[in-house]
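User: Please take a close look at the inside of this one for me. I'm new to this, so one connected walk-through would be great.

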Amino acid sequence: MNFTLESLAIVLIFIGMAFFSFFMSLPNILKHLKTKGDKSS
Amino acid sequence: MSYIGNWIVFVIYCILMLFIGYIGYKKTRNIDDYFVASRSFGLGVAVPLFAASFISSASIVGYTGFSYGYGWSFLVKYGYGCAFGWILLQVFATRIYNTNYKWYTTSDLFCSRYYDEKFMRGFQGFFNSFGMLLYVIIGLTGIGTIMEIFLGLSYFWAVIIIAAIFLTYTVTGGMYSVAWTNVVQFALLAIGILAASFISVRLSGGIANINNTIANVEGGITNLLPGAMHSIDAKGAAPLGKSIGMIVGIGTMCPVAIYYHRIYFSIKSKNVAGSFVGISAIILAVLYIAIGLIGMSGRVLVPELTNVEQVFPSIVMRLPLFFSAIVITGIISAIQSTMDNQLLSAGSSVANDLYAKLINKDVTDEELVKRTRIITLAVGIIATIVALIRPALVIEIYNFIMILIPTVLFPPLLLGLFWERTTREAGIFGCIFGLIAGFLWITFGPSNIPATLVILPINIVLMVIISKFTPEPPKEVIENFFTSK
């Protein structure tokens with residue numbers, strides 16, 4: 001896609017930060033899904 | 001140009017919002033419903049509510065303009081700040097959500113943590129409601145200009161119509177209306193941004209062609225060096241020092257934004273509180289990259305612009321009729337979804353913190369719902385009138401407040417939620433110091449060093465010292481805030 005190394009790094013760091021936030025929330029998401037699953041069964 | 005297509009879609013949108021507002025009104029029976037929707041929201045509401053509140057007109061029109069002007073460095077200047085904010089919100093999440101208390105407003109949180117009603121209630125009530133009022137005014141002035149371009153309306157009528165719609169559904173239905181309209185508005189704004197990005201990238205010959213074109217941009221309206229649009233600081237045109245200041249400013253603004261606190265107060269479980277920002281972060285990251293691509297595609301489609309802020313309207317005008325109407329509705333959704341939450345925050349802050357807790361402590365639940373509606377309406381009308389007059393002073397005060405909000409609220413919130421030894425005296429000091437020092441720095445300090453970078457660490461250190469020399473907080477407060485259940 002014709003990124004330079006610098007612009008690719010800029011985009012990847014941004015995506016990395018968003019995923020970092022997502023991974024921080026992952027334990028809560030899993031707990032939430034588990035609670036929902038337990039309730040529906 | 002013909003505005004008929006845009007008008008048809010806009011009218012349908014308005015009817016839909018008012019209908020959702022009516023359902024919210026029917027659902028609202030008491031003050032718990034009105035302020036925090038009886039703390040009933042799951043992920044299905046919390047994610048779109050947060051994401052829609054996060055994206056405002058500044059994000060769409062401002063960021064496309066910046067990416068048109070300076071290329072990928074827009075992510076460094078704005079994107080990293082937002083992402084830092086999502087991380088901080090994630091860190092604060094399960095602390096702001098606290099089942100030991102029934103908070104309605106941020107002032108409630110501060111009063112509980114700093115076991116103080118006298119100072120905290122009045123200070124937080126005034127500061128937060130004033131800040132939110134300014135946000136709504138600025139939001140309304142932004143929408144006026146956009147509607148002028150897309151619907152052919154004069155600024156006056158654009159502000160009146162938009163204010164009438166979001167005031168009606170916010171005032172009548174409270175948090176239910178705000179949340180449910182935001183769910184629809186989020187869908188519309190996401191479709192609008194993605195459609196505009198997809199089509200503008202296609203018209204520009206793909207991402208590779210955009211990257212090739214911007215690699216060769218030099219000089220022009222933003223006076224760029226060759227290769228600047230692929231550079232972290234646009235080769236000096238977007239200085240890294242200022243970007244770092246912006247990252248800290250935007251980032252620390254997120255966990256203290258009282259309209260995000262309202263979302264935490266309206267949530268039904270700790271797991272949802274700890275999840276919704278993380279999920280939203282992925283969605284918002286995609287949308288911000290799409291917004292940047294719209295701006296940079298402008299370098300291929302409309303390279304001759306003399307004002308970077310014209311890039312978004314210029315591109316939307318080039319879209320086929322149906323798509324332009326969708327994109328415009330998406331923008332109006334983005335703006336209204338941020339303003340409605342801010343208006344409700346301002347109204348709730350005045351009604352709960354200043355009226356019910358200070359002026360009329362004996363007010364009944366039923367009466368408070370009525371009074372809150374009147375107060376929120378009054379706040380909305382004041383904001384509309386000021387937006388119509390557009391005094392230059394408002395923009396100046398707004399710029400002040402944008403810097404003061406983190407310097408005043410961030411240190412007491414951070415230490416209050418994460419260090420149990422933080423005392424009432426330190427909390428009160430943190431608020432006052434943040435306000436005075438922030439004000440002095442903006443007025444007399446060097447303009448190339450952002451206030452947040454200096455005031456925040458000093459405020460935190462001073463608060464720690466004061467806490468060490470003042471009596472410990474009551475056991476009850478420590479238990480309620482720091483004992484996990």
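Analyst: Let's start with B:Cys14, which counts as buried because its relative accessibility is 9%, under the 20% cut-off for that word. Keep in mind that this is a predicted model. B:Cys111 is buried too, at 5% relative accessibility. What about bonds between cysteines? For B:Cys111, the closest cysteine sulfur belongs to B:Cys431 and is 9.9 Å away, so that gap is too far for a bond. A disulfide needs the two sulfurs within 2.5 Å. Over all chains, the structure holds zero disulfides.

Now for the rings. Searching the whole structure turns up 40 aromatic pairs over all chains. One of them joins A:Phe14 and B:Trp86, a tilted pair with 6.1 Å from centre to centre and 50° between the planes. This pair crosses between chains: A:Phe14 belongs to helix H1 (residues 5–40) of chain A, while B:Trp86 belongs to helix H5 (residues 73–96) of chain B. Are these two residues buried or exposed? Both A:Phe14 and B:Trp86 are buried.

Another pair brings together B:Phe50 and B:Phe276, this time edge-to-face, with 5.7 Å between centres and 75° between planes. Here the link is between distant parts of the chain, since the partners are 226 residues apart: B:Phe50 is in helix H3 (residues 43–54) and B:Phe276 in helix H13 (residues 276–301), both of chain B. Like the previous pair, B:Phe50 and B:Phe276 are buried. Leaving aside residues up to four places away in sequence, B:Phe276 touches B:Leu43, B:Ala46, B:Val47, B:Phe50, B:Ile263, B:Tyr264 and B:Ile267.

Some of those names come back when you look at the largest nonpolar core. That core has 177 residues, and the members that touch the most others are B:Phe50, B:Trp86, B:Leu140, B:Phe276 and B:Tyr288. Which helix gives the most to this core? That's helix H8 (residues 155–203) of chain B, with 21 residues.

Rings can have charged company as well. B:Arg390 puts its charged end over the ring of B:Tyr155, 3.5 Å from the centre. B:Arg113 does something similar with B:Tyr114, lying over its face at 5.4 Å from the ring centre.

Next, have a look at helix H20 (residues 475–482) of chain B, where the buried residues are B:Val477, B:Ile478, B:Asn480 and B:Phe481. As a rule of thumb, an α-helix has 3.6 residues a turn, so residues three or four places apart point the same way. Among the elements covering the buried part of H20(B) are helix H6 (106–113) and helix H17 (392–418) of chain B.

There's an odd spot in the loop between helix H9 (207–215) and helix H10 (240–256) of chain B, where you'll find B:Ala234. Its phi is near 50°, which is positive even though the residue isn't glycine. B:Lys235 is in the loop between H9 and H10 as well, and B:Lys235 also has a positive phi, about 50°, without being a glycine. Their surroundings are another matter: B:Ala234 counts as buried because its relative accessibility is 1%, whereas B:Lys235 counts as partly exposed because its value is 42%.

Finally, back to chain A, the home of A:Phe14. Its secondary structure is one helix and zero strands, and its C-alpha atoms fill a box of roughly 50 × 20 × 5 Å. Of the 41 residues in chain A, 29% are buried.

Terms used
Residues are numbered from 1 along each chain as its sequence is written. Chains are lettered from A and ligands numbered from 1 in the order in which they are written. This is a predicted model: local features need pLDDT of at least 70, side-chain atom pairs count only at pLDDT 80 or more; totals for chains, interfaces and linings use all residues. Side-chain values use heavy atoms; hydrogens and water are left out. Buried means under 20% relative accessible area, exposed over 50%, partly exposed in between (1.4 Å probe, protein chains only). Rings of Phe, Tyr and Trp (its six-membered ring) pair if their centres lie within 6.5 Å; planes under 30 degrees apart count as stacked, over 60 as edge-to-face and the rest as tilted. Helices (H or I, at least four residues) and strands (E, at least two) are DSSP runs, numbered from the N terminus. A charge sits over a ring if NZ of Lys or CZ of Arg is within 6 Å of the ring centre and within 35 degrees of the ring normal. A nonpolar core is a set of buried Ala, Val, Leu, Ile, Met, Phe, Trp, Tyr and Cys residues joined through side-chain atoms within 4.5 Å. Contact means heavy atoms within 4.5 Å.
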